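Here is a short guided look at one protein chain, written for someone who would rather think about side chains than software. Have the viewer open as you read.

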Amino acid sequence: MDIKIAVIEDDKKLNEGICLSLKEPGRIFFPCRTLAQARQCLQENSLNLILLDVNLPDGSGIDFVREIRAKSRTPIILITVNNMELDIVTGLEAGANDYITKPFSLMVLRARAAVQLRDCTKTDSGISIDEFIFDFDKMLFSKNGQHIELSKTEQRLLRILVENRGAAIRRSYLIDTVWQGDTEYVDEHALTVAVKRLRDKLEDDSANPAYIKTIYGIGYMWAV
């Protein structure tokens, strides 16, 4: 499966250099030089890694990290000239996975990118998490090798959660996405019921779930 990497850097030569440095078979790069291009890229692609400059012509990379984290846990490496301790802390607290200051060694960049890509668990047989295997293309789901039967609604809910592991997904977003915009006859109780049924099928103890966590006042999160 291809690894998709977005490089969001307004310096054209540096952007091209980063892409060239990280180039390997099976990797696809999406060079972006503005936040507007980056937003479009994220809408159109399921990314495995984001390399993000902090200072961009149309906005702050730190703010963009927060924007991404509202709906995705894709690994993010910030790249910036800002090397003060407060800048680094701010970036990491916003949700970045790593922080590299300019100028930097391309060898170091390759190593740090490799660390983040280790967590890319998509394989030909689906997404593997602990004892689970979720293959959304073939609609096959198992735990400890035992098949799990999921409804279409449960499949859509599970997919959103596991593809955004570690990120709190808002209830309103889940309702709109799981029921694919047909929310006129769907209320929050329907989501609560769907989550309970999914927990009953996946969790060892659905009353004390280890994976599908409730984030009070926000929504739900796949925690592992």
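Is K201 buried, exposed or partly exposed? With a relative accessible area of 36%, K201 is partly exposed. Its partner, described further down, sits in another setting.

## The model and its confidence

Please keep in mind that this is a predicted model. The chain has an average pLDDT of 87, and 94% of the residues score at least 70. Confidence is highest in strand 3 (residues 49–53), at a mean of 95. The lowest value in the chain belongs to strand 8 (residues 122–123), with a mean of 49.

## Helix 8 and its two faces

Helix 8 is a good place to start. It runs over residues 188–202, 15 residues in total. At 1.5 Å a residue these should span 21 Å, and the end C-alpha atoms are indeed 21 Å apart, so the expected and modelled lengths agree.

The buried residues of helix 8 are L191, A194, V195, L198, R199 and L202. Because they cover an arc of only 135° around the axis, they are on the same side of helix 8. The face turned away from that buried side carries the exposed residues H189, K196 and R197. What do the buried residues of helix 8 pack against? Their partners are strand 10 (132–135), strand 11 (140–143), helix 6 (152–162), helix 7 (171–178), strand 14 (212–215) and strand 15 (219–222).

## Salt bridges

Side chains of opposite charge can pair when their charged atoms come close. Across the whole structure, a search finds 11 salt bridges.

K201 makes one of them with E154, where the closest N and O atoms are 2.8 Å apart. K201 belongs to helix 8 and E154 to helix 6, so this pair ties together parts that are 47 residues apart in sequence. While K201 is partly exposed at 36%, E154 is buried, with a relative accessible area of 4%.

D204 forms a salt bridge with K143, and here the closest N and O atoms are 2.6 Å apart. This pair links distant parts of the chain: D204 is in the loop between helix 8 and strand 14, K143 is in strand 11, and 61 residues separate them. D204 counts as exposed because its relative accessibility is 71%, whereas K143 is buried at 13%.

R159 pairs with E163, with 3.1 Å between the closest N and O atoms. R159 is partly exposed at 35% relative accessible area, and E163 counts as partly exposed at 31%. Elsewhere, E9, D53 and K102 are joined in a network of salt bridges.

## Two buried charged residues in strands

R27 is located in strand 2 (residues 27–32). Why does R27 count as buried? Its relative accessibility is 19%, and buried means under 20%. The R27 side chain reaches the backbone oxygen of L22 at 2.8 Å. Apart from neighbours within four places in sequence, R27 is in contact with I3, I5, L22 and L117.

D98 lies in strand 7 (residues 98–101) and is buried, with a relative accessible area of 17%. Setting aside neighbours within four places in sequence, D98 is in contact with I76, I77, L78, L92, R112 and Q116. The C-alpha atoms of D98 and A113 are separated by 9.1 Å, and these two residues are 15 residues apart along the chain.

## Backbone details to look at

Which residues does a cis peptide bond join? The pair is K102 and P103, with omega about -10°. P103 is in the loop between strand 7 and helix 5 (106–117). K102 also appears in the salt-bridge network with E9 and D53.

Two residues other than glycine have a positive phi: D130, near 50°, and N144, at about 55°. D130 is found in the loop between strand 9 (126–129) and strand 10, and counts as exposed at 52% relative accessibility. N144 is in the loop between strand 11 and strand 12 (146–147) and is exposed as well, with a relative accessible area of 57%.

How values were computed. Residues are numbered from 1 along each chain as its sequence is written. This is a predicted model: local features need pLDDT of at least 70, side-chain atom pairs count only at pLDDT 80 or more; totals for chains, interfaces and linings use all residues. Side-chain values use heavy atoms; hydrogens and water are left out. Helices (H or I, at least four residues) and strands (E, at least two) are DSSP runs, numbered from the N terminus. Buried means under 20% relative accessible area, exposed over 50%, partly exposed in between (1.4 Å probe, protein chains only). A polar contact is a pair of N or O atoms within 3.5 Å; within protein, one must be able to donate a hydrogen and the other to accept it, and residues adjacent in sequence count only if both atoms are side-chain atoms. Contact means heavy atoms within 4.5 Å. The expected span of a helix is 1.5 Å times one less than its number of residues. The arc is that of the directions from the helix axis to the C-beta atoms. pLDDT is the predictor's confidence in each residue, from 0 to 100. A salt bridge is a side-chain nitrogen of Lys or Arg within 4 Å of a carboxyl oxygen of Asp or Glu.
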